[in-house]
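Good morning, and thank you for the time on today's agenda. I would like to take you through one protein model for those who have not met it before.

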Amino acid sequence: MTLAELYLKTIFSCIACDGEIAPEEIQMVRDMSQVENLFWSLDVEKIINGWIADINEIGAAFLQRFLKEIDSVTMSDDEQLTLVSLAFKAIEADNVIEYAEIKFFKKIRKHLSISDEQILAVYPDKQIFLLQDFNEPEDLTWDTNTHFDLINIEALGQGN
């Protein structure tokens, strides 16, 4: 997995982890794929629709697999902070922060080598994402009735 793919999968996993993908989150992906230079070499729509098919089929196992993939990519501190930034943007894209998203970020955080202090130096208002939960289970829970529709990145720019 390339760093660009990991960044995109971070965004996708963060927008899907609460069991729904809001229109604002899809718009954020569209905007980032057009503006950010992070995904220039990727067919974002094709990749995300493949992940939607995967997550629809295997549910929480998709998110568990993503967490393990974080460990497979060697990242500098700056690259890890970029991943954190993308996770925060994805979580906040629909203007609703659910506990499932905070909990999922905490799982991502466990796979990074940067310190909480490094994160808070850049994001001082994100302490809630770093607080330790009591008796936090390692497994992710997933509603088996969750199903996502495929997305069309291009159509989003046409008033959808």
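I shall begin with the overall fold, then turn to the helix pairs, a few individual residues and the cysteines.

Please keep in mind throughout that this is a predicted model. The secondary structure consists of 8 helices and 0 strands. Followed along the sequence, the pattern therefore reads α-α-α-α-α-α-α-α. The protein has 160 residues, and 49% of them are buried. Its accessible surface amounts to about 8500 Å², and carbon and sulfur atoms supply 48% of that surface. Among contacts with a separation of 6 or more, 82% are between residues 24 or more positions apart.

Let us now consider how particular helices meet.

The first pair for discussion is H3, residues 44–58, and H4, residues 60–70. Their axes are 6 Å apart, and the packing angle is about 120 degrees. How are H3 and H4 oriented to each other? They are oblique, because 120 degrees lies outside the range of 65 to 115 that counts as roughly perpendicular and is not over 145, where roughly antiparallel begins. On the H3 side, the contact is made by Trp51, Asp54, Ile55 and Ile58. On the H4 side, Ala60, Ala61, Phe62, Leu63 and Arg65 take part. By class, this contact of H3 with H4 holds 7 nonpolar residues, no polar ones and 2 charged ones.

While we are at H4, we may ask which of its residues are buried. They are Ala60, Phe62, Leu63, Phe66, Leu67, Glu69 and Ile70. These buried residues of H4 pack against H1, which spans 3–16, and also against H3 and H6.

The second pair is H2, residues 23–35, and H5, residues 77–92. Here the axes are 8 Å apart and the angle is about 140 degrees. H2 and H5 are likewise classed as oblique to each other, since an angle must be over 145 degrees to count as roughly antiparallel. From H2, the residues Glu25, Met28 and Met32 meet Leu86, Lys89 and Ala90 of H5. The contact of H2 with H5 comprises 4 nonpolar, no polar and 2 charged residues.

I turn next to a residue of H1 that touches both members of this second pair.

Ile11 lies in helix H1. It is buried, with a relative accessibility of 1%. Beyond its neighbours within four places in sequence, Ile11 is in contact with Met28, Val29, Met32, Phe39, Leu86 and Ala90. Of these, Met28 and Met32 are also among the H2 residues that meet H5, and Leu86 and Ala90 are among their partners in H5. Ile11 also comes 5.7 Å from Ala87, C-alpha to C-alpha, although 76 residues separate the two in sequence.

Asn49 offers another case of distant positions brought together. This residue lies in H3 and counts as buried at 13% relative accessibility. Its C-alpha atom is 5.4 Å from that of Leu150, while the two residues are 101 residues apart along the chain.

Two loop residues provide a contrast in exposure.

Thr74 is in the loop between H4 and H5, and its relative accessibility of 77% makes it exposed. The C-alpha atoms of Thr74 and Thr2 are separated by 9.6 Å, with these positions 72 residues apart along the chain. Asn95 is in the loop between H5 and H6, the latter spanning 99–109. Asn95 is exposed as well, at 71% relative accessibility. Its phi angle is near 65 degrees, a positive value in a residue other than glycine.

Finally, I come to the cysteines.

How many disulfides does the model contain? The count is 0. The reason in the case of Cys14 is distance: the closest cysteine sulfur, in Cys17, is 5.8 Å away, too far for a bond, because a disulfide requires sulfur atoms within 2.5 Å. Cys17 is accordingly in no disulfide either, its nearest cysteine sulfur being that of Cys14. Are these two residues buried or exposed? Cys14 is buried, with a relative accessible area of 0%, and Cys17 is buried too, at 9%.

To close, I would leave you with this picture: a predicted model of 8 helices and 0 strands, with oblique packing both between H3 and H4 and between H2 and H5. Thank you for your attention.

Technical notes. Residues are numbered from 1 along each chain as its sequence is written. This is a predicted model: local features need pLDDT of at least 70, side-chain atom pairs count only at pLDDT 80 or more; totals for chains, interfaces and linings use all residues. Side-chain values use heavy atoms; hydrogens and water are left out. Buried means under 20% relative accessible area, exposed over 50%, partly exposed in between (1.4 Å probe, protein chains only). Axes are lines fitted to C-alpha atoms, for helices over the stretch in contact, and angles run from 0 to 180 degrees between N-to-C directions. Helices (H or I, at least four residues) and strands (E, at least two) are DSSP runs, numbered from the N terminus. Angles under 35 degrees count as roughly parallel, over 145 as roughly antiparallel, 65 to 115 as roughly perpendicular and the rest as oblique. Contact means heavy atoms within 4.5 Å. Ala, Val, Leu, Ile, Met, Phe, Trp, Tyr, Cys and Pro count as nonpolar, Asp, Glu, Lys and Arg as charged, and the others, Gly among them, as polar. Accessible areas come from the Shrake-Rupley method with a 1.4 Å probe; for residues, only the protein chains shown count as cover.
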